[in-house]
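The following questions and answers introduce one protein model to a new reader. Please keep the sequence and the structure in view while reading.

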Amino acid sequence: MCESVRVVCDVSLKPYTTFGVGGKAKRLVLVEDGSSLLSVLEGEKDPTVIGGGSNLLIGDGGVKQSMVRFASNSAELEKTDDGVYYASGAAFLPRLARRASELSLGGIEFACGLPGTLGGAVKQNAGAYGGDISSVLAYADVFSEGKVQRLSASKLGFAYRSSSFDGVIVGAALRLRKRQREDIELDMAKFSERRRASQPSGKSAGCIYKSYGGVPAYRYVIGVGLAGRRIGGAYISEKHANFIINDGTATARDVLKLMEETEEKVYERYGVRLEREVKLIGEF
């Protein structure tokens, strides 16, 4: 088997998610590069592909289907003939932002603190501090229905924190621009400080809900008095009420109950149906 592919069976998925909750996978395939990913997907039946495990809640009952984790410690940027910079979908965003800085390339400074991989970021149109992936993406190589298609950004159906395409991002090309490294690092330091000041530490999946009608979701959560609310080992952060934190003892069911209670109370009071950023997988 290729060195960049490893298979483990009957394995807990907790270490593979930023939430740190969830059950086991009967079979987990760990993949680090695009060519190996394609070989794995061609040989698997209906696998579920995850990246860095952010924005993900896996049920306590685990998952029956094969899981494929596409993530790599490598974060290289290759300049193409058309002047854009290509990276693997497995690349972790903070490492990719750091690599761009080393090359004096600006455009993804906003991603310096975003958990997860480039592939997941494209799928969710991840962003922060006024920037997002759709604003710098030139095209993406998408594996769907047994083949890879190169799709321009306009074909991916980008919207706020979402996209409408089906498939797995093998790699993507970014429109980056030359910029003084000192300026890039200064911006990334500012973003990192803002993140530390405004977001809680601890195990979480990032923001649970999307903004609604231009109003940040945490305002609705605070409005119904749920900041600090705890169920089992999971609680809604008082520092940022759009975060649910695992204190180290939470179950996926604890997290889901908090989400369901929040959604019910927000709807009852405001008539607003909060839209989840977190994807649920497995048996709860």
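**Strands, salt bridges and overall form**

Val142 stands opposite Ile169 in strand 13. The model is predicted, so local features need pLDDT of at least 70 and side-chain atom pairs count only at pLDDT 80 or more, while totals for chains, interfaces and linings use all residues. Residues are numbered from 1 along each chain as its sequence is written, and side-chain values use heavy atoms, with hydrogens and water left out.

Q: How many helices and strands are there in the protein?
A: Helices (H or I, at least four residues) and strands (E, at least two) are DSSP runs, numbered from the N terminus. By that definition the protein has six helices and 18 strands.

Q: Which strand is joined to strand 13 by six bridges?
A: Two strands pair if DSSP finds at least two bridges between them. In general, strands of a sheet pair through backbone hydrogen bonds, either parallel or antiparallel. Here the two strands run antiparallel, and the partner, residues 137–144, is strand 11.

Q: In strand 13, what is the bridge partner of Tyr86?
A: Strand 7 (residues 85–88) and strand 13 run antiparallel and are joined by four bridges. In strand 13, Tyr86 has as its bridge partner Ala173.

Q: Is strand 13 mostly covered, and how many of its residues are buried?
A: Buried means under 20% relative accessible area, exposed over 50%, and partly exposed in between (1.4 Å probe, protein chains only). Strand 13 spans residues 168–174 and is mostly covered. The number of its residues that are buried is seven of seven.

Q: Which strands are the edge strands of the open sheet of four strands?
A: This open sheet has mixed pairing and the order 1-2-5-3. An edge strand here pairs on one side only. The edge strands are strand 1 (5–12) and strand 3 (48–50).

Q: By how many degrees are neighbouring strands of this sheet turned against each other on average?
A: Axes are lines fitted to C-alpha atoms, for helices over the stretch in contact, and angles run from 0 to 180 degrees between N-to-C directions. For this average, direction is ignored. The value is 25 degrees.

Q: In strand 5, what is the bridge partner of Val49?
A: Strand 3 and strand 5 (residues 67–70) run parallel, and three bridges join them. In strand 5, the partner of Val49 is Val68.

Q: How many salt bridges does the count come to?
A: In general, side chains of opposite charge can pair when their charged atoms come close. A salt bridge is a side-chain nitrogen of Lys or Arg within 4 Å of a carboxyl oxygen of Asp or Glu. By this rule the count is 16.

Q: Which residue meets Lys24 in a salt bridge?
A: The N to O distance of this pair is 3.8 Å. The pair links distant parts of the chain, 14 residues apart, with Lys24 in strand 2 (residues 24–31) and its partner in strand 1. Lys24 is partly exposed at 44% relative accessibility, whereas the partner is exposed, with a relative accessible area of 53%, and is Asp10.

Q: Is Lys210, which meets Glu275 in a salt bridge, buried or exposed?
A: The side chains of Glu275 and Lys210 meet at 3.0 Å, N to O. The pair links distant parts of the chain, 65 residues apart: Glu275 lies in the loop between helix 6 (252–270) and strand 18 (279–281), and Lys210 in the loop between helix 4 (181–198) and helix 5 (217–223). Glu275 is partly exposed, with a relative accessible area of 46%. Lys210, with a relative accessible area of 9%, is buried.

Q: Which residues are linked with Glu76 in a network of salt bridges?
A: This network holds Glu76 together with an arginine and a glutamate. The residues are Arg99 and Glu102.

Q: What is the radius of gyration of the protein?
A: The radius of gyration is taken over C-alpha atoms, and the globule rule is 2.2 Å times the number of residues to the power 0.38. For 284 residues the rule gives 19 Å, and the protein is close to this, so it is as compact as a globular protein of that length. Its radius of gyration is 19 Å.

Q: What share of the residues of the protein counts as buried?
A: The C-alpha atoms fill a box of roughly 55 × 45 × 30 Å, taken along the principal axes. Of the 284 residues, the share that counts as buried is 52%.
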